[in-house]
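Hello,

I am handing over a structure that will be new to you. Please have a look at it first, and then read on.

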Amino acid sequence: MRPTKPVSRLGRALMACAASAAVATVGLAVSPASAAPAKSVAATQVKPGDVCTAADLGTRHPYIKTTEVTPEITHFKGWYVTQGATGYQSVTTSTQTTISVSVGLNGNVQGSFAVETLGTVGASLGLNVQVNYSSTSSESNTVTWNFSRPGYYGVYKGTKKVTGTYGSLNCNRVQQGSGGWALKWIEGPGSGSFTTYTTLEEGAVRCEDTVPANSIMAKAKGLLDCGSPAARAEHPAGAVAPTAKQTQDRLAQRPAPTSGTSAGQPKATGRSAQAALNCEPGVYKIDVPGKPLNWSAPLLANDGIRLRVSTFFSAHLDNWRLCNVTENNGVLEASLWNWGNGGCATIPANIANQEQAYLTTATCGEDDLQRFYIYRDVPGSSKIGLQNKYTGSMMGYDRYADGDLIRQYSSGRQDGTGTYTLTGV
């Protein structure tokens with residue numbers, strides 16, 4: 001039997017196992033760029049304990065904790081071929097299960113951190129996996145195949161489903177056994193699970209065929225329910241009604257709805273009442289290192305925190321205090337209270353899920369959108385990086401310019417523009 005399109009190396013190996021069993025790679029309906037070569041990501045991978053620099057304080061990277069790869073059948077149809085009905089036939093399959101790409105519990109993939117997470121998965125496993133949001137439900141369900149022998153077939157499309165968990169690596173100072181300090185990648189807050197899949201394959205398999213164990217083809221053969229009366233019976237040429245096992249398996253594969261924030265992520269409380277703050281006595285500017293621009297809070301409620309030059313007329317909008325400060329494993333957590341307008345730095349709740357959402361101030365409250373992790377350089381340096389507790393994103397700006405907004409970037413700004421200096425006033 002011959003497929004109607006070129007067969008992959010995997011397909012040739014499988015066809016060698018059984019003359020009547022065949023497989024072909026299916027081009028995805030999504031953008032070809034959604035499959036990332038492993039080499040392009042491998043060079044950027046970092047591990048816990050690796051050395052970082054002050055330019056990395058405002059960045060973060062994912063690291064993969066666990067992975068699992070399982071064959072899945074996405075489309076399937078029982079098909080009977082009689083002696084006089086061999087040759088090319090187009091089979092309309094039914095959707096068996098749907099696999100959607102996700103990072104955390106979001107229904108899509110947003111931001112550079114999510115894309116890097118999936119790229120790291122592919123690199124670590126040596127697989128080309130989808131790194132943008134896509135779903136196997138977008139695939140055509142028609143398989144055109146050249147049936148060379150009569151018999152009962154399972155006509156299918158399938159893929160390797162890749163799932164697992166990830167953590168977040170941030171750059172922070174770490175005290176050495178000698179008493180000195182160094183900047184290293186540490187496990188920061190924020191973790192979750194991911195789902196992605198490899199390029200789809202299509203094929204046809206009979207009960208008589210010998211196939212590799214734990215392969216997509218073996219998964220399809222299992223759906224044939226070869227021991228059932230329906231598999232052993234003679235049928236007219238064409239579609240065979242699903243067996244009880246096939247129907248049961250299809251119902252079991254329906255995904256459960258997900259909701260809530262990603263694993264390890266705290267909940268935002270939304271609009272909250274004025275909170276009593278315990279602020280440290282120091283007052284600081286949050287500067288761009290070696291340059292005159294620094295964070296300046298807005299006068300208007302609908303504006304954001306922007307880069308500004310401090311002048312006599314700044315009215316303390318460029319002065320910040322750290323409040324309700326805690327420390328865990330060398331990482332500070334604090335609210336950023338502005339002396340000029342009396343508000344606390346926050347990501348607006350209605351856009352908190354968006355990459356490059358802007359930073360503003362609001363009435364101080366018990367709200368994780370107003371809490372920030374502060375990553376510090378070694379003692380003697382006042383350079384820091386800032387991460388929002390709720391979104392997990394790092395604070396940065398698009399370009400160095402007077403009036404440019406401070407925004408969140410899920411992986412930070414890799415050019416070092418997410419590193420600031422906490423300068424005492």
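Below is what I found in it, going from the whole chain to single residues.

Please keep in mind that this is a predicted model. The protein chain has 6 helices and 22 strands. Of its 425 residues, 51% are buried. The contacts reach far along the sequence: counting those between residues at least 6 apart, 71% join residues at least 24 apart. The surface that the protein chain exposes comes to about 18,800 Å², and 51% of this is supplied by carbon and sulfur atoms.

One helix to look at is α3, which covers residues 111-125. With 15 residues at 1.5 Å each, helix α3 should span 21 Å, and this agrees with the 22 Å between its end C-alpha atoms. Is α3 mostly covered, or mostly open? It is mostly covered, as 11 of its 15 residues are buried. Among them are Phe 113, Leu 118 and Val 121, along with Glu 116 and several glycines, such as Gly 111, Gly 119 and Gly 122. Just past the end of α3, Gly 126 has a positive phi of about 70°.

Next, the aromatic rings. The structure contains 6 aromatic pairs. In one of them, Phe 312 and Phe 313 have ring centres 5.5 Å apart and planes at 85°; an angle over 60 degrees counts as edge-to-face, so that is what this pair is. Phe 312 has a relative accessibility of 77% and therefore counts as exposed. Phe 313, at 72%, counts as exposed too.

Another pair is formed by Tyr 397 and Tyr 420, with ring centres 6.4 Å apart and planes at 55°, so this one is tilted. The two tyrosines bring distant parts of the chain together: Tyr 397 belongs to strand β20 (residues 394-397) and Tyr 420 to strand β22 (residues 419-424), 23 residues apart. Tyr 397 and Tyr 420 are both buried. They also belong to a cluster, in which ring pairs link them with Trp 295 and Trp 320.

Finally, two charged side chains sit over tyrosine rings. Lys 291 lies over the face of Tyr 400, 4.5 Å from the ring centre. Arg 413 is placed over the face of Tyr 409, at 4.9 Å from the centre of that ring.

I hope this helps you find your way around.

Best wishes

Conventions:
Residues are numbered from 1 along each chain as its sequence is written. This is a predicted model: local features need pLDDT of at least 70, side-chain atom pairs count only at pLDDT 80 or more; totals for chains, interfaces and linings use all residues. Side-chain values use heavy atoms; hydrogens and water are left out. Rings of Phe, Tyr and Trp (its six-membered ring) pair if their centres lie within 6.5 Å; planes under 30 degrees apart count as stacked, over 60 as edge-to-face and the rest as tilted. Buried means under 20% relative accessible area, exposed over 50%, partly exposed in between (1.4 Å probe, protein chains only). Helices (H or I, at least four residues) and strands (E, at least two) are DSSP runs, numbered from the N terminus. A charge sits over a ring if NZ of Lys or CZ of Arg is within 6 Å of the ring centre and within 35 degrees of the ring normal. Contact means heavy atoms within 4.5 Å. Accessible areas come from the Shrake-Rupley method with a 1.4 Å probe; for residues, only the protein chains shown count as cover. The expected span of a helix is 1.5 Å times one less than its number of residues.
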